[in-house]
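The following exercises concern helix geometry, helix packing and backbone torsions. Please inspect the sequence and the coordinates before reading each solution.

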Amino acid sequence: MKLHKKNLKIKQMDKTYIGIVTLMFLVVYVPIILMKKAYIYIDIGADTYCSYWPNIAYIKGLLHEGLKTWDMNLGLGASTITYISSILCDPFDWPAFLFPSEKIYMGIYIGLVLKNVCVACYAYKYIGKKQIEGYPRIISSIMIVFSGWFVGWGQHYTFATIYVYFIMMLYYLEIWMQEKKYIGLIVSTALLAVVSPYFCYMVLLFLAFYYLFVLFYNTKEKIVFTEKISHMFRTAGVVLLGIGCSAFVFLPYIGDLLSSPRVSGNIYPSFKLADIKEYVTLFMRMFSNSIMGINGEYLGYGNFYESPFMYVGIISIFGIVFFIIEKKWIKSYWVAVILSITVFVFVNFSSIVFNGFSTKTYRWTFVFVPLIALICGKELEYIDCSKIKIKTLVICALLDVGLIFYGLANRKTMDKTILISYIIAVIILNLEGVAIACIKNKLFQQKFWLVILAIEMCLNAGITVYDRNIVSTDSIKNMSYFDSSNKAVDYIKNMDSSFYRINKNYAHIDLNDNMFQNYHGEKIYSSILPEGIWGMMDLFDLRIKNSNYLYGFDDKQILRNITSGKYKLTKSSTEYFGYDYLKTIDDINIYQNMNAVDFGTIYKNYKLKSEVENLDKWDLQNELIQSCIIRDEEQDENLQKISKTSPNYRVSKQLILNEEQIDPANVIEINKTINPILVSVSGLNLSGVLNVLSDDDAILDTYNFETLEGKTDIYIDNIDISKIKFEISQGNISSLKIYELDGNAISTSMQALNKNHLQNVTFTDTEIHGNIKVSESSLLFIPIPYDKKWHVFVNGKESKIFHADEGFMAVILPVGNSKIQIKYISPFVKNGIILSIITILILICGNLMKKIIRNRKEGEK
């Protein structure tokens with residue numbers, strides 16, 4: 001009878017939990033639909049707009065066209081593995097594939113619902129496995145489901161998926177340790193490893209410590225040391241089986257990841273204390289996601305997303321404090337305290353280790369969310385409020401002092417978001433403090449905490465979701481992904497079947513619009529760029545923001561010419577040097593670059609990087625007209641057969657303006673010319689935008705610039721312009737020189753470079769064929785980003801690939817006719833598929849053997 005009543009109580013609690021979580025989800029997320037909004041942001045969360053949305057559209061397109069390992073539509077060309085991993089292998093994204101591109105947001109919303117259902121389910125199961133029941137179990141589970149990390153970082157859709165799989169892994173790790181069932185742990189590990197090896201590393205690192213802590217310090221069973229060691233090896237084997245199942249994507253992803261300079265592995269952890277601002281942020285973000293701001297002036301460390309997400313409800317602060325001052329968990333007390341100090345005090349150590357020694361971010365803080373929730377659940381179960389009344393009031397008073405000090409210190413910079421979040425934090429903190437100190441009935445107290453927590457988390461989640469620049473569904477059809485660029489691209493495709501690239505000089509936030517519009521471009525925003533792109537950006541001064549943004553060639557027109565940048569789409573009414581007008585489609589003008597070089601041009605000369613890297617940026621571009629730039633360390637005896645003494649040729653330039661101490665507020669007048677002009681700007685740590693103006697001061701074009709070395713050259717190909725104006729974001733202009741370039745010499749030299757190039761070219765994204773004839777040993781320039789997985793065969797024999805102009809490829813051609821094959825071969829894909837098949841066969845055979853042995857034993861009985 002007692003057991004029956006207990007089961008009824010548990011079922012009633014289950015229903016209560018389902019009801020509360022459902023109600024909270026409806027409050028937090030359903031208004032998205034009612035307000036006719038898409039779960040897409042164009043503020044600090046613009047990754048949803050300029051990365052995830054086009055990535056989903058791109059994979060949707062691949063499913064129709066066929067999967068491939070390399071795609072020329074990804075910037076200048078890139079591996080597709082990271083997109084296949086994070087999008088195609090994420091089942092929560094699959095509903096989005098069912099909708100047309102402009103309706104993908106509907107599938108994203110369905111994925112949001114499914115992720116919340118899964119997290120709610122596995123959080124509740126996990127907390128239950130830790131022997132927490134009743135209202136404390138519901139409270140702890142809600143902390144996990146509506147945690148600041150899941151609601152905030154979850155807006156980056158793949159991050160939410162990672163969180164789901166992490167909670168799954170925690171639950172199935174407990175199943176493995178308590179019930180010796182391993183399939184769930186294998187499956188959840190494989191799912192996480194497929195979607196993100198980067199986060200898989202973080203999770204496995206954390207779970208290793210979690211597992212060892214539970215095994216050696218927090219288990220109720222007495223297990224001899226040798227059995228613990230044996231269990232450790234078996235657990236490692238189970239995890240490796242999960243990794244093995246994911247190898248078909250995991251291995252090629254790791255191959256791409258390790259080849260990227262972004263994952264350098266050369267940042268070393270330190271026990272040096274962090275800046276005081278980081279510690280303040282760690283503390284304040286326990287009160288809410290938005291208490292230090294979202295957009296505008298962010299008061300914390302980093303920005304809204306890259307700051308630590310520590311919020312799981314203000315009740316968690318009391319729970320953590322009580323955990324530290326109470327002496328119930330004596331066995332694990334000091335171990336837990338020491339680990340906490342190591343992680344949160346020495347963040348310069350933990351952040352770098354969790355990020356694979358490649359950077360310092362706080363994205364890893366999600367791993368502590370279930371632990372904080374677990375601690376609170378334990379404390380809420382056993383806490384005797386009558387004994388800690390004074391302690392509670394003291395803690396509450398100290399926290400109030402901290403909040404008051406924060407409020408006074410930032411009273412002048414608080415925006416509406418911060419102020420509302422601050423008021424909510426003060427009210428909730430004191431309500432919960434009073435409840436702990438004054439409410440004597442334990443059951444009523446737990447119910448009160450549950451109601452307050454639900455209200456608090458709904459309010460804070462609502463701010464995180466809605467106090468933002470969120471896309472309206474009515475505005476989607478007018479966004480640049482769906483503008484007349486699609487018609488312009490189709491027009492060019494119907495006219496030209498050769499290899500070419502298109503430069504769009506508008507909609508600069510849309511670096512991934514080629515994923516929607518299906519064209520070979522030159523811009524990309526990606527977490528992993530091909531290795532060669534980094535070097536090219538550094539050499540030619542193209543890095544405006546950071547490593548995962550490629551803003552195209554910008555004003556580096558010679559670089560664009562030699563890489564087959566044949567067409568320009570613009571909304572400007574100006575004309576451009578070297579470009580012929582073709583057609584206007586709606587508001588978009590189409591131009592053809594008459595100086596563009598066809599695919600696979602020939603260089604008879606080369607220069608070593610050390611000989612040219614210190615040249616002014618325009619002089620460096622001049623070298624590209626006559627010489628291929630090769631890395632010093634790649635020079636060999638075969639390369640030395642090619643002429644290293646190129647003609648001493650420069651496109652002449654005539655000084656037309658020379659000024660000191662320019663006032664950027666002034667419009668600078670220029671004599672009209674049909675030639676391109678070169679603007680040479682000097683100034684320390686100078687950055688900003690140069691606007692090209694019409695006669696009536698309308699902006700025709702903009703050029704980003706940054707004086708990384710105190711000086712930069714800006715090539716302007718708008719012709720017949722008469723005015724320019726600077727918008728300086730940092731620094732001051734110390735000097736300005738403007739030159740008129742010899743346009744005729746540029747055109748003549750580019751035409752000469754294009755005289756001999758690859759003929760009879762046939763190409764796909766991963767394989768190119770052609771033939772060529774040269775009269776002397778030369779370099780074949782291949783305008784594809786350098787990647788070790790590309791192979792070039794000259795007359796059937798594989799040739800050494802050189803870094804050409806840092807970012808591209810070149811091979812040596814012998815005298816005479818040559819048949820060329822350029823092929824992308826990723827050994828990791830094949831090896832990964834084989835490893836996944838072997839792992840799955842091992843699992844199947846292992847389970848069959850297990851069943852056979854069990855049946856034999858049962859038969860013997």
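**Exercises with worked solutions**

Helix 6 and helix 17 are roughly antiparallel to each other. This relation belongs to a predicted model, as do the results below.

**Exercise 1.** Determine how the axes of helix 6 and helix 17 are placed, and which residues make the contact.

*Solution.*
Step 1. The axes of helix 6 (residues 134-145) and helix 17 (residues 369-382) come within 8 Å and cross at roughly 160 degrees.
Step 2. Angles over 145 degrees count as roughly antiparallel, and helix 6 and helix 17 are therefore given that description.
Step 3. The crossing of helix 6 past helix 17 is right-handed.
Step 4. Helix 6 contributes P136, I139, S140, M143 and I144 to the contact, while helix 17 contributes V369, P370, A373, C376, G377, L380 and E381.

**Exercise 2.** Compare the span of helix 17 with its expected value, and state how many of its residues are buried.

*Solution.*
Step 1. With 14 residues at 1.5 Å a residue, helix 17 should span 20 Å.
Step 2. The end C-alpha atoms of helix 17 are 21 Å apart, which agrees.
Step 3. Twelve of the 14 residues are buried, so helix 17 is mostly covered.
Step 4. Among the buried residues of helix 17 are I372, L374, I375, K378 and E379.

**Exercise 3.** Establish where the buried residues of helix 18 lie around its axis.

*Solution.*
Step 1. Helix 18 (residues 389-409) has 21 residues and reaches 30 Å between its first and last C-alpha, close to the 30 Å expected.
Step 2. Buried in helix 18 are T392, I395, C396, L399, D400, L403, Y406 and G407.
Step 3. These residues cover an arc of only 140 degrees around the axis, which puts them on the same side of helix 18.
Step 4. An α-helix has 3.6 residues a turn, so residues three or four places apart point the same way.
Step 5. On the other side of helix 18, the exposed residues are I390, L398, V401, F405, L408 and A409.

**Exercise 4.** Classify the packing of helix 9 and helix 10 as parallel, antiparallel, perpendicular or oblique.

*Solution.*
Step 1. Helix 9 (residues 183-195) and helix 10 (residues 197-217) pack at about 135 degrees, their axes being 6 Å apart.
Step 2. That angle makes helix 9 oblique to helix 10.
Step 3. L192, A193 and V195 of helix 9 meet P197, F199, C200 and V203 of helix 10.

**Exercise 5.** State where D541 is found and whether D541 is buried or exposed.

*Solution.*
Step 1. D541, a residue other than glycine, has a positive phi near 60 degrees.
Step 2. D541 is found in the loop between helix 23 (531-539) and strand 7 (549-550).
Step 3. With a relative accessible area of 9%, D541 is buried.

Notes:
Residues numbered from 1 in each chain as written. Predicted model: local features only at pLDDT ≥ 70, side-chain atom pairs only at ≥ 80, totals over all residues. Heavy atoms only, no water. Helix = DSSP H or I, 4+ residues; strand = E, 2+ residues; numbered from the N terminus. Expected span 1.5 Å × (residues − 1). Buried < 20%, exposed > 50% of the residue type's maximum accessible area, 1.4 Å probe, protein only. Arc of directions from axis to C-beta. Axes fitted to C-alpha atoms, helices over the stretch in contact; angles between N-to-C directions. Parallel < 35°, antiparallel > 145°, perpendicular 65-115°, else oblique. Left-handed = near helix turned anticlockwise from the far one by under 90°. Contact = heavy atoms within 4.5 Å.
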